[in-house]
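Dear colleague,

I am passing on the structure below, and after it you will find my notes on what turned up when I went through it. Please read them with the coordinates open beside you.

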Amino acid sequence: MTRNAKINALLLLAVAALAALPLVLGLGDHKEEPFAGADAEAETAITEIEPDYEPWFSPLYEPPSGEIESALFAVQAALGAGVLAYYFGLRRGRRQGEERTAAALRDAPAGD
């Protein structure tokens, strides 16, 4: 197994552990919505500290249910991951193309 393959395997294992550990350890079992987003947690904390707090603005679009909100967030994350993957793939492809061109020029006879 190459060094890169070992690093990739360890990173994949770490990501899987980060995803599974909260579920296995039962973190959030005492809450009504155990894995609510940071926005909901912040709103709860603010209303506990200052019950008369009025938000400065309201959302442009309020999804009808939590499932739709989660789906929209997942789509947003997938689009962002796709853009990043395209960018890094493009950079790698350009670099490989430059390396092939340099190798071809290096290996070409001097008279061409």
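Glu99 has a relative accessible area of 49%, which makes this residue partly exposed rather than exposed, because the exposed class begins only over 50%. Please bear in mind from the start that this is a predicted model. The partner of Glu99 is Arg95, with which Glu99 forms a salt bridge whose closest N and O atoms are 4.0 Å apart. That separation should be read against the criterion, which asks for a nitrogen within 4 Å of a carboxyl oxygen. Arg95 is likewise assigned to the partly exposed class, with a relative accessibility of 46%. Both residues belong to helix α3, which covers residues 66-107, and because Arg95 and Glu99 are four residues apart there, about one helical turn separates them. The structure as a whole holds one salt bridge, and the pair just described is that bridge.

A search for aromatic pairs across the whole structure also returns one. The pair consists of Tyr87 and Phe88, whose ring centres are 5.3 Å apart and whose planes make an angle of 65°; the arrangement is classed as edge-to-face because that angle is over 60 degrees. Tyr87 is partly exposed, at 42% relative accessible area.

Turning to the surface, I would point you to two patches of opposite character, one charged and one nonpolar.

The negative patch is formed by Asp39, Glu43, Glu62 and Glu69. Of these residues, Asp39 is located in helix α2, which spans residues 38-49, and with a relative accessible area of 68% Asp39 counts as exposed.

The nonpolar patch has an area of about 420 Å² and is made by Leu21, Val24, Leu25 and Leu27. Leu25, one of its members, sits in the loop that connects α1 (3-24) to α2, and Leu25 is exposed, having a relative accessible area of 58%.

Finally, where is Pro51 found? Pro51 lies in the loop between α2 and α3, and with 62% relative accessible area Pro51 is exposed. Should you want a long-range distance for checking your own copy of the coordinates, Pro51 and Met1 are 50 residues apart in sequence, while their C-alpha atoms are 58 Å apart in space.

With best regards

Note on methods. Residues numbered from 1 in each chain as written. Predicted model: local features only at pLDDT ≥ 70, side-chain atom pairs only at ≥ 80, totals over all residues. Heavy atoms only, no water. Salt bridge = Lys/Arg side-chain N within 4 Å of Asp/Glu carboxyl O. Helix = DSSP H or I, 4+ residues; strand = E, 2+ residues; numbered from the N terminus. Buried < 20%, exposed > 50% of the residue type's maximum accessible area, 1.4 Å probe, protein only. Patch = residues over 30% accessible without salt bridge, like charges linked within 9 Å, V, L, I, M, F, W, Y side chains within 5 Å. Areas by Shrake-Rupley, 256 points an atom, 1.4 Å probe, with all protein chains shown as cover. Lys, Arg positive; Asp, Glu negative; His and termini not counted. Charge placed at Lys NZ, Arg CZ, Asp CG, Glu CD. Phe/Tyr/Trp six-rings, centres within 6.5 Å; stacked < 30°, edge-to-face > 60°.
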